[in-house]
Amino acid sequence: MSTTRQMGDFLRQRSGGLRATTSAWILGSSVWLAEAAHAVNDLPGGPAVNQLNFAPPATKIAEEQHWLHWFMMAICSVIFVVVFGVMFYSILKHRKSVGHKAQELPEPIWVELGWTIVPLLIVIGMALPATKVLVAQKDTTNSDLTIKVTGMQWKWGYDYIKGEGEGIGFLSTLDNSHREMSNSGKPPATDDYLLKVDNPLVVPVGKKVRIITTANDVIHAFMVPAFGIKQDAIPGFVRDTWFRAEKTGDFYGQCAELCGKEHAYMPIHVKVVSAEEYTQWVEGEKKKMAAAADDPSKVWNLADLVKRGESVYAANCAACHQANGKGAGPIKALDASPIVLDADKSKQIAVLLNGVNNGAMPAWKQLSDTEIAAVITYTKNSWSNKTEQIVQPADIVAARK
């Protein structure tokens, strides 16, 4: 009896402990879910909390895609209900356990025609509106603005090649503060986490914008859900798409093609503004370009070139080679690198202009002569590299020939 009583007490204690543990786990999970749900808010033009449907459309094409989605969903749902309804009705009504016996039925011609013609009509009914939308998606004629979008590891290059703003070009990179958040391992709750960029793509509202995509290393994909566009950017090929934003605001997307270890750090930010604001932006950008235009014949001193190179390195090189120049994994270190330390500066110049290892190190021809000279000089005189070697913009001009 004593043993039985002890066993009962033991089981009651274990049961109570299990209940307490389970309750604590459920309570903790509820708190975590509540905190997670309220950690961030919906981002207008971007992702929403607990989003189930497509992003709210900002273009007519996106609206058509939404309508087409629900149209197809309705047809598929009706087919599902009818087919499985008849199937399960037949299984239950004519099952062997209630006395039904299998029998061979004649196959009249109307049955054969019915299950051939009806699916054909359904397919045609689905194909017609789908074709209309697909054709409209690819009609890039009569555009008001043409922008070349170049995907690269891991940023976007935008070049305005036709229309108002022609000649403007810049790189768009993840904002450094967001990269630091990610590197910390405990990023704070921000609505635009990993979507903030240093230079957004700016376009006018109500204008047809043609987007030409390509890439200079691996395959990327330019996608903005609110516009209903997704176009691959393939090295050596040119693809195009278009959109016409119906309202002003900020709209977000990301690279939609797995393109390497920094794939998560290739956000797209499109800023849609009024025609007047766009004209002001264009004027401001052209003034900045004129002010930033460097004379490639200018001779720089070492200190000024290193200072300029530090900012170029932070914007374009630190993502792979790290701020300390140590590299990571297959990314080679620049600190104590034989090529960087080599007195023959043409070797490092060739790497930046042409790339190496089949694009593992991409070419950086899009940078200006002064920027390339500055960043090379910076790497030759930073960290443990104290070569006091200097590369002038004229050296880059000569190497491009």
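How many bridges join strand 9 and strand 10, and in which sense do they pair? Strand 9 (residues 249-255) and strand 10 (residues 267-273) pair in the antiparallel sense over 6 bridges. Keep in mind that this is a predicted model, where local features need pLDDT of at least 70, side-chain atom pairs count only at pLDDT 80 or more, and totals for chains, interfaces and linings use all residues. Residues are numbered from 1 along each chain as its sequence is written, and side-chain values use heavy atoms, with hydrogens and water left out.

**How far to trust the model**
- The chain has a mean pLDDT of 87 (pLDDT is the predictor's confidence in each residue, from 0 to 100), and 91% of its residues reach 70 or more.
- Among the elements of the chain, strand 4 (residues 201-204) has the highest mean pLDDT, 98, while helix 1 (residues 2-39) has the lowest, 47.
- Helices (H or I, at least four residues) and strands (E, at least two) are DSSP runs, numbered from the N terminus.
- The pLDDT is below 50 over residues 10-18, a stretch with 0 contacts in the model beyond near neighbours in sequence (contact means heavy atoms within 4.5 Å).
- Residues 20-24 also have pLDDT below 50, with 0 contacts beyond near neighbours in sequence.
- Where pLDDT is low, don't read the predicted coordinates in detail.

**The sheet with strands 9 and 10**
- This open sheet has 5 strands in the order 4-10-9-6-7, and its pairing is mixed (two strands pair if DSSP finds at least two bridges between them).
- Strand 4 and strand 7 (229-233) are the edge strands, and each pairs on one side only.
- From one strand to the next, the twist averages 25°.
- Look for Asp-250: its bridge partner in strand 10 is Lys-271.
- Helix 5 (residues 275-292) lies across strand 4 and strand 10, running at about 135° to strand 4.
- Axes are lines fitted to C-alpha atoms, for helices over the stretch in contact, and angles run from 0 to 180 degrees between N-to-C directions.

**The other sheet**
- Another open sheet of 5 strands has the order 3-2-1-5-8, again with mixed pairing.
- Strand 3 (169-172) and strand 8 (239-243) stand at its edges with a single partner strand each, so one side of each has no neighbour in the sheet.
- Strand 1 (residues 145-152) pairs with strand 2 (residues 155-162) in the antiparallel sense over 7 bridges.
- Val-149 has Tyr-158 as its bridge partner in strand 2.

**Helices that pack together**
- Helix 2 (residues 60-93) and helix 3 (residues 109-138) pack at an angle of about 165°, with axes 10 Å apart.
- That makes helix 2 roughly antiparallel to helix 3 (angles under 35 degrees count as roughly parallel, over 145 as roughly antiparallel, 65 to 115 as roughly perpendicular and the rest as oblique).
- The residues making this contact include Trp-67 and Phe-71 of helix 2 and Met-126 and Pro-129 of helix 3.
- By class, the contact of helix 2 with helix 3 has 14 nonpolar, 3 polar and 1 charged residues (Ala, Val, Leu, Ile, Met, Phe, Trp, Tyr, Cys and Pro count as nonpolar, Asp, Glu, Lys and Arg as charged, and the others, Gly among them, as polar).
- The axes of helix 10 (residues 369-380) and helix 11 (residues 393-400) come within 8 Å and cross at roughly 115°.
- That makes helix 10 roughly perpendicular to helix 11.
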